[in-house]
Amino acid sequence: MNIGLEHISRSFGGFNALEDVSLEVREGELVALLGPSGSGKTTLLRIIAGLDAPDERPGARIRFDGEEIDIRAPRQHQVGFVFQHYALFRTMTVFENIAFGLRVKPRKVRRSEAEIKSRVTELLGLIQLESIAGRYPSQLSGGQRQRVALARALAIEPRILLLDEPFGALDAKVRQDLRRWLRNLHDKIPVTSVLVTHDQEEALEVADRIVIMRGGKVEQVGTPEEVFHNPKSAFVMDFLGNVNLFHARLEGDAVGDAKTQVRARPHELDVSREEGTSPAVKGKVKRIQTAGAVVKVEVATDEGETVVVEMAHDRFSGSGMAAGEVVFVRVKEARVFMEDYSI
Ligand code: ATP
């Protein structure tokens with residue numbers, strides 16, 4: 001199902017939690033709403049779900065597959081939910097938890113017991129928990145519980161799946177496994193999904209497109225590659241990963257003399273012991289961290305800034321660099337944003 005949101009605002013008292021948000025989620029897409037705490041992600045998700053309604057303003061519309069829907073009507077039958085703390089029914093087994101949504105359907109549309117059994121068995125296979133169908137929620141790990149919650153949401157064959165920080169309460173390793181698993185699962189089932197997260201790695205890894213929210217507005221929408229490599233603002237760049245800031249002065253006709261900040265990600269810098277001839281910032285190695293996929297070298301520059309440079313292990317082992325040494329940092333690639341200018 002295609003979801004179209006047009007000019008959606010939501011205020012609480014005098015506070016605008018959402019301001020004129022327009023967004024399209026295409027059929028079969030997995031879109032992540034990413035942003036800091038309070039940026040309006042959950043509010044937008046609740047409005048898509050029909051758990052909350054937007055302010056009645058001219059032009060405010062929600063369309064499902066192009067058809068305008070009543071923004072105040074409940075739409076549970078089309079929508080499946082998974083929240084951070086999704087309470088499974090404690091007194092029901094995994095099997096019964098997943099079957100619940102199918103059993104409570106009105107008699108007219110309810111499937112036969114055999115059909116319910118076959119659907120639940122299919123879902124148990126999908127979440128790879130066939131062997132623990134008879135267990136109760138208290139006998140499951142956190143990750144297993146969230147998989148059951150997902151299967152329960154999918155049981156009713158929703159056309160839209162809404163996930164609000166579904167892995168938020170789990171530890172880092174389990175989160176990582178589960179998000180890969182979610183991505184694979186999403187590729188197998190015909191559903192349009194919206195995932196709320198404040199974890200940029202999670203969004204970059206699972207989403208087809210990312211919507212970056214800031215103060216109730218959409219700051220940028222794009223594929224993970226687009227928003228990571230072409231951030232349209234300093235906010236987006238800073239939010240999507242570690243950034244080094246350099247204070248610089250731009251000279252030229254177009255801008256006059258302007259003070260600005262230059263941003264570069266740790267892998268966009270190079271550090272070496274050789275002074276060389278190209279422009280470089282001098283500093284001293286503060287700390288070297290080799291435990292990881294890349295080596296992180298922290299440098300305190302002579303200008304009083306701390307920068308972090310990432311480099312491959314083989315390049316580092318040949319460099320002979322050590323803490324306390326004088327080094328030269330070079331910028332391979334960097335960005336300057338208009339909003340940082342002061343002339
Ligand atoms: P988080 O990552 O912390 O969950 P979020 O981006 O999901 O944040 P929202 O929960 O959408 O943010 O909230 C956006 C803003 O709206 C916040 O400042 C919040 O305090 C406010 N807000 C949300 N719901 C209500 C409400 N029912 N009454 C008053 N203010 C609300």
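A quick word on terms: a residue counts as buried when its relative accessible area is under 20%. With that in hand, here's a tour of this predicted model. The protein chain has 343 residues, and 47% of them count as buried. Its secondary structure comes to nine helices and 18 strands, and the C-alpha trace spans about 80 × 50 × 30 Å along its principal axes. Take the contacts between residues at least 6 apart in sequence: 65% of those join residues at least 24 apart.

**Helix H4, a good place to start**

- The buried residues of H4 are Gly143, Gln146, Arg147, Val148, Ala149, Leu150, Ala151, Arg152, Ala153, Leu154 and Ala155.
- That makes 11 of its 14 residues buried, so H4 is largely enclosed by the rest of the structure.
- H4 covers residues 142-155 and reaches 20 Å from its first C-alpha to its last, which is close to the 20 Å expected at 1.5 Å a residue.
- What do the buried residues of H4 pack against? Two strands are on the list, S6 (79-83) and S7 (160-164), along with three helices, H2 (94-103), H3 (113-126) and H5 (172-188).
- Just after H4 comes Glu157, with a positive phi of about 50°.

**Strand S7 and its partners**

- S7 has just been met as one of the elements that H4 packs against.
- Five of the five residues of S7 are buried, so this strand, too, is largely enclosed by the rest of the structure.
- Both of its faces are covered: Ile160, Leu162 and Asp164 are buried on one side, and Leu161 and Leu163 are buried on the other.
- S7 runs parallel to S6, and five bridges join the two.
- Within that pairing, Gly80 has Leu161 in S7 as its bridge partner.
- S7 also pairs with strand S8 (residues 192-197), in the parallel sense and over five bridges.
- Here Asp164 has Val196 in S8 as its bridge partner.
- As a bit of background, strands of a sheet pair through backbone hydrogen bonds, either parallel or antiparallel.

**Helices H2 and H3**

- H2 is mostly covered, with seven of its 10 residues buried.
- Those buried residues in H2 are Val94, Phe95, Asn97, Ile98, Ala99, Gly101 and Leu102.
- The cover over them includes H3 and H4.
- How do H2 and H3 sit relative to each other, and at what angle? They pack at about 125°, with their axes 10 Å apart.
- H2 and H3 are therefore oblique to each other, since an angle counts as oblique when it falls outside the ranges under 35 degrees, over 145 and 65 to 115.
- H2 passes H3 in a right-handed crossing.
- On the H2 side, the residues that meet H3 are Val94, Phe95, Ile98, Ala99, Leu102 and Arg103.
- On the H3 side, they meet Glu113, Ile116, Lys117, Arg119, Val120, Thr121, Leu123 and Leu124.

**The four-stranded sheet**

- Now for an open sheet of four strands, in the order S2-S1-S4-S5 and with antiparallel pairing.
- Strands S2 (15-25) and S5 (67-68) are the edges, each pairing on one side only.
- Helix H1 (residues 41-49) packs on this sheet, where it touches S1, S2 and S4.
- The direction of H1 makes about 120° with that of S1.
- Strand S1 (residues 3-12) and strand S4 (residues 61-64) run antiparallel and are joined by four bridges.
- Leu5 stands opposite Ile62 in S4.

**The five-stranded sheet**

- Another open sheet has five strands, ordered S13-S17-S14-S15-S16, and the pairing is antiparallel.
- Its edge strands are S13 (269-272) and S16 (306-311), and each of these pairs on one side only.
- From one strand to the next, the twist averages 40°.
- Which strand does S13 pair with? The partner is S17 (residues 326-331), in the antiparallel sense and over four bridges.
- Ser272 stands opposite Phe328 in S17.

Conventions: Residues numbered from 1 in each chain as written. Predicted model: local features only at pLDDT ≥ 70, side-chain atom pairs only at ≥ 80, totals over all residues. Heavy atoms only, no water. Expected span 1.5 Å × (residues − 1). Buried < 20%, exposed > 50% of the residue type's maximum accessible area, 1.4 Å probe, protein only. Contact = heavy atoms within 4.5 Å. Pairing = 2+ DSSP bridges. Axes fitted to C-alpha atoms, helices over the stretch in contact; angles between N-to-C directions. Left-handed = near helix turned anticlockwise from the far one by under 90°.
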